[in-house]
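Morning, everyone. I have one structure to walk through today. Please have a look at it first.

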Amino acid sequence: EWNFGGFPVWLKYVPGIQFRTDNGPFKAQMQKFTEKIVNMMKAEKLFEPQEGPIIMSQIENEYGPIEWEIGAPGKAYTKWAAQMAVGLGTGVPWIMCKQEDAPDPIIDTCNGFYCENFMPNANYKPKMFTEAWTGWYTEFGGPVPYRPAEDMAYSVARFIQNRGSFINYYMYHGGTNFGRTAGGPFIATSYDYDAPLDEYGLGREPKWGHLRDLHKTIKLCEPSLVSVDPKVTSLGSNQEAHVFWTKTSCAAFLANYDLKYSVRVTFQNLPYDLPPWSVSILPDC
């Protein structure tokens with residue numbers, strides 16, 4: 001969604017270059033750029049081992065579908081990109097989004113509207129939701145996309161109840177592609193994305209407040225969430241309880257997956273009314 005995919009136009013004039021594949025000229029330019037950015041970050045002591053704020057780095061983006069389409073050259077490029085990135089010695093984990101075959105120690109992660117059923121390619125890697133889509137981009141001549149706050153929160157809560165460990169919103173703050181920087185087919189200059197903070201930096205209610213309250217509630221569950229895996233029990237035909245029990249704490253997520261109907265369920269001998277398409281969180285069950 002950026003003009004020319006974010007690449008500088010001069011790059012296409014490098015002799016013999018082919019973008020995002022096992023191609024020597026492209027890999028040389030990519031490594032040069034990546035090394036420059038990493039070295040700039042190191043010089044400013046921005047990585048976590050330097051007591052900086054950067055706790056994670058990403059190489060490539062949503063390359064898995066492209067790799068699947070082009071085959072062996074794509075696989076070779078993925079392996080090279082992973083080795084190149086890790087070799088830069090940032091001291092923080094590297095991730096690849098939508099990359100099921102991300103080689104160790106790269107962590108494969110999920111982007112999408114819903115990621116509760118995603119699992120990383122190894123059980124020792126954390127389950128991460130790197131792009132929780134708050135809306136969608138606007139196209140000239142098309143409708144302005146909208147995602148209800150309730151559905152956004154439902155997606156996040158389901159991810160957390162299914163052992164999710166990390167949420168990053170795309171976008172949390174909308175923006176503007178000025179001039180001719182907007183890319184893709186007919187993408188508008190507004191990149192508001194129905195984000196919790198709009199492209200002017202103003203809070204979009206009820207989405208901003210709803211997500212704020214959701215994360216406050218999830219934070220209250222932290223002692224249980226980081227200690228144990230959930231015990232899942234059925235509360236009905238489309239209802240479940242995900243319960244995180246420890247010796248000193250308990251957190252429960254009561255989910256109603258029905259699209260239309262509210263349901264009254266019984267949990268620990270108490271009645272709870274669950275709205276349709278919702279997760280009710282009990283920080284101290």
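I'll go from the whole chain to its cores, then to single residues.

A caution to start: this is a predicted model.

First, the overall picture. The protein chain has 285 residues, and 43% of them count as buried. Its secondary structure comprises six helices and 13 strands. Along the principal axes, the C-alpha atoms fill a box of roughly 70 × 45 × 40 Å. Take contacts between residues at least 6 apart in sequence: 49% of those join residues at least 24 apart.

Now the surface. The accessible surface of the chain is about 15900 Å². Carbon and sulfur atoms account for 57% of that. On charge, we have 25 positive and 31 negative. The mean positions of these two sets lie 3 Å apart.

One annotation. An unreviewed UniProt entry puts "domain: Beta-galactosidase beta-sandwich" at residues 240–285. In the model, that span is 61% strand and 0% helix. The C-alpha atoms at its two ends are 15 Å apart.

On to the inside. In soluble globular proteins, nonpolar side chains tend to be buried together. Here, the largest nonpolar core holds 25 residues. Which of its members touch the most others? They are Val156, Ile160, Ile167, Tyr169, Leu214, Val279 and Ile281. Several elements each supply at least two residues of this core. Two are helices: helix 4, at 149–161, and helix 5, at 207–220. The strands are strand 4 (128–133), strand 5 (166–170), strand 10 (250–256) and strand 13 (278–282). Helix 4 gives the most, with seven residues.

Let's zoom in on Ile160. Leave aside its neighbours within four places in sequence. Ile160 is then in contact with Ile167, Ile218, Leu225, Phe244 and Phe253.

There is also a second, separate core, of 21 residues. Among them are Phe26, Met30, Leu88 and Ala102.

Next, Thr21. Thr21 sits in the segment before helix 1, and helix 1 runs 24–43. Is Thr21 buried or exposed? Thr21 counts as buried, because its relative accessibility is 12% and the cut-off for buried is under 20%. What does Thr21 touch, not counting residues up to four places away in sequence? The list is Phe26, Lys27, Tyr63, Ile70, Pro73, Gly74 and Tyr77.

Now the backbone. I have two cis peptide bonds to show you. One joins Asp104 and Pro105, with omega about 0 degrees. Pro105 is in the loop between strand 2 (94–97) and strand 3 (107–112). Another runs from Glu205 to Pro206, with omega near 10 degrees. Pro206 is in the loop between strand 7 (190–191) and helix 5.

Then positive phi. Phe4 is not a glycine, yet its phi is positive, near 60 degrees. Phe4 lies in the segment before helix 1. With a relative accessible area of 33%, Phe4 is partly exposed.

Tyr193 is not a glycine either, and its phi is about 65 degrees. Tyr193 is in the loop between strand 7 and helix 5. Why does Tyr193 count as buried? Because its relative accessibility is 3%, and anything under 20% qualifies.

To recap the residues worth pulling up on screen. For the largest core, start at Ile160, one of the residues that touch the most other members. For the cis bonds, go to Asp104–Pro105 and Glu205–Pro206. For positive phi, go to Phe4 and Tyr193. That's my tour.

Methods
Residues numbered from 1 in each chain as written. Predicted model: local features only at pLDDT ≥ 70, side-chain atom pairs only at ≥ 80, totals over all residues. Heavy atoms only, no water. UniProt positions renumbered as here; feature names shortened; annotations may be inferred. Helix = DSSP H or I, 4+ residues; strand = E, 2+ residues; numbered from the N terminus. Buried < 20%, exposed > 50% of the residue type's maximum accessible area, 1.4 Å probe, protein only. Contact = heavy atoms within 4.5 Å. Areas by Shrake-Rupley, 256 points an atom, 1.4 Å probe, with all protein chains shown as cover. Lys, Arg positive; Asp, Glu negative; His and termini not counted. Charge placed at Lys NZ, Arg CZ, Asp CG, Glu CD. Core = buried A, V, L, I, M, F, W, Y, C linked by side-chain atoms within 4.5 Å.
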